[in-house]
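Trainee: Could we go through this chain together, one question at a time?
Mentor: Gladly; have a look at it before we start.

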Amino acid sequence: MKVIQLNLNHCEAAQDLLKQTVRELEVDLAIISEPYRNISSSNWYCDTSGTSTLWSINKPMQNVLNSELGFVRATVAGLTVYSCYLPPRYDIEEYKHIITNLVKDASSKSPILIAGVFNAWATEWGCPRTNERGRILIESFAQLDVELLNSGSTPTFNRNGGSSIIDITFASTSIYDRFNWQISDMFTYSDYSAIIIKHNDAATITSTVRTPEVIGWKRDPLDKEIFALCMEGTELQGTPENMAKKLILP
């Protein structure tokens, strides 16, 4: 399964471009923050604020939870996915409350993928320092059996010469090595970079079944003419055992 993670920053052009991008890249699922508009569709769900969105392009969504603030959840192809957006305007108590609700819901789900814009800094995902939001996120997610997919220190957000890493992705430890996570350099019309996440569903194993060898005589290769020449001048008399002994080369 191929997933794109992107904050559209309430930009109409960015959302229009995303529609084209998912077709060109054959994306199955989009984890979106701050869409320009939400769509009334069975394959598009958002949280109560309308800023955390899951859009499934090719696969059905099940077990949808869209009654929370700050995150929306759905199961896609056996993977429970969370799209999260926690803006800077939330104070620490509200931030902590949302993260607590997220962890409470995710603790009973497996395997999971949690992604979005958390507006938190931590050295664990390449920031120069760890702030209070980062500590809350790290300590809270320690209760979940997840690992960070982010790698490197490339910024995910750039605006007016400033940059930061605030788009974060976590996955269950049990499926961590099935993911390929990378920041794309594609143009998005947004201040945020697109993140491409490829998930190899190892549950679908293609096995090669070996056809049993049939033991028997191979009649096709027999050249009757050559066999007849080999038999010329050979006298076969007596019992079958004696005739067989005469035919055996010394």
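What follows is a conversation about the fold, its strands and a few backbone details.

Mentor: Keep in mind that this is a predicted model, in which local features need pLDDT of at least 70, side-chain atom pairs count only at pLDDT 80 or more, and totals for chains, interfaces and linings use all residues. Residues are numbered from 1 along each chain as its sequence is written, and side-chain values use heavy atoms, with hydrogens and water left out.

Trainee: How many helices and strands are in the chain?
Mentor: Helices (H or I, at least four residues) and strands (E, at least two) are taken as DSSP runs, numbered from the N terminus. On that basis the chain has 5 helices and 14 strands.

Trainee: What percentage of the residues of the chain count as buried?
Mentor: Buried means under 20% relative accessible area, exposed over 50%, and partly exposed in between, with a 1.4 Å probe and protein chains only. The chain has 250 residues, and the buried share is 42%.

Trainee: In what order do the strands of the open sheet run?
Mentor: Two strands pair if DSSP finds at least two bridges between them. The open sheet has 6 strands with mixed pairing. Its edge strands, β5 (61–65) and β9, each pair on one side only. The order is β5-β6-β7-β8-β12-β9.

Trainee: Which residue of β7 stands opposite R73?
Mentor: Strands β6 (residues 71–76) and β7 (residues 79–85) pair in the antiparallel sense over 6 bridges. One pair across these strands is F71 and C84. For R73, the residue opposite is Y82.

Trainee: How many residues lie between β5 and β6 in their hairpin?
Mentor: β5 and β6 run antiparallel and are joined by 3 bridges, with Q62 of β5 opposite T75 in β6. In the turn of this hairpin, G70 has a positive phi of about 100°. The number of residues between the two strands is 5.

Trainee: And which residue in the turn between β6 and β7 has a positive phi?
Mentor: Those strands also form a hairpin, with 2 residues between them. The phi is about 55°, and the residue is A77.

Trainee: How many residues of β6 are buried?
Mentor: In a regular strand the side chains alternate between the two faces of the sheet. F71, R73 and T75 point one way from β6, while V72, A74 and V76 point the other way, and all are buried. The strand is mostly covered, and its buried count is 6 of 6.

Trainee: How far apart are the C-alpha atoms of S83 and A115?
Mentor: S83 lies in strand β7 and is buried, with a relative accessible area of 0%. Taking contact as heavy atoms within 4.5 Å, and not counting residues up to four places away in sequence, S83 touches residues including I31, L54, F71 and A115. S83 and A115 are 32 residues apart along the chain, yet their C-alpha atoms are separated by 5.4 Å.

Trainee: Why do the buried residues of α3 lie on the same side of the helix?
Mentor: In helix α3 (residues 132–141), the buried residues are R133, G134, I136, L137, S140 and F141. They share a side because the arc they cover around the axis, taken from the directions from the helix axis to the C-beta atoms, is only 160°.

Trainee: Which elements are included in what covers those residues of α3?
Mentor: The cover for the buried residues of α3 includes a helix and three strands. These are α2 (92–106), β8 (112–117), β9 (146–148) and β12 (167–172).

Trainee: Which peptide bond is cis?
Mentor: Most residues other than glycine have a negative phi, and most peptide bonds are trans. P111 lies in the loop between α2 and β8. With omega near -5°, the cis bond is the one from S110 to P111.

Trainee: Is E26 buried or exposed?
Mentor: E26 lies in the loop between α1 (12–24) and β2 (29–33). E26 has a positive phi of about 55° although it is not a glycine. At 60% relative accessibility, E26 is exposed.

Trainee: What is the relative accessible area of Y189?
Mentor: Y189 is in the loop between β13 (179–183) and β14 (195–199), and its phi is positive, near 70°. Y189 is partly exposed, with a relative accessible area of 48%.

Trainee: How many disulfides are found in the whole structure?
Mentor: A disulfide is counted as a pair of cysteine sulfur atoms within 2.5 Å. C11 is partly exposed at 22%, and C46 is partly exposed at 21%. The search of the whole structure gives a disulfide count of 0.
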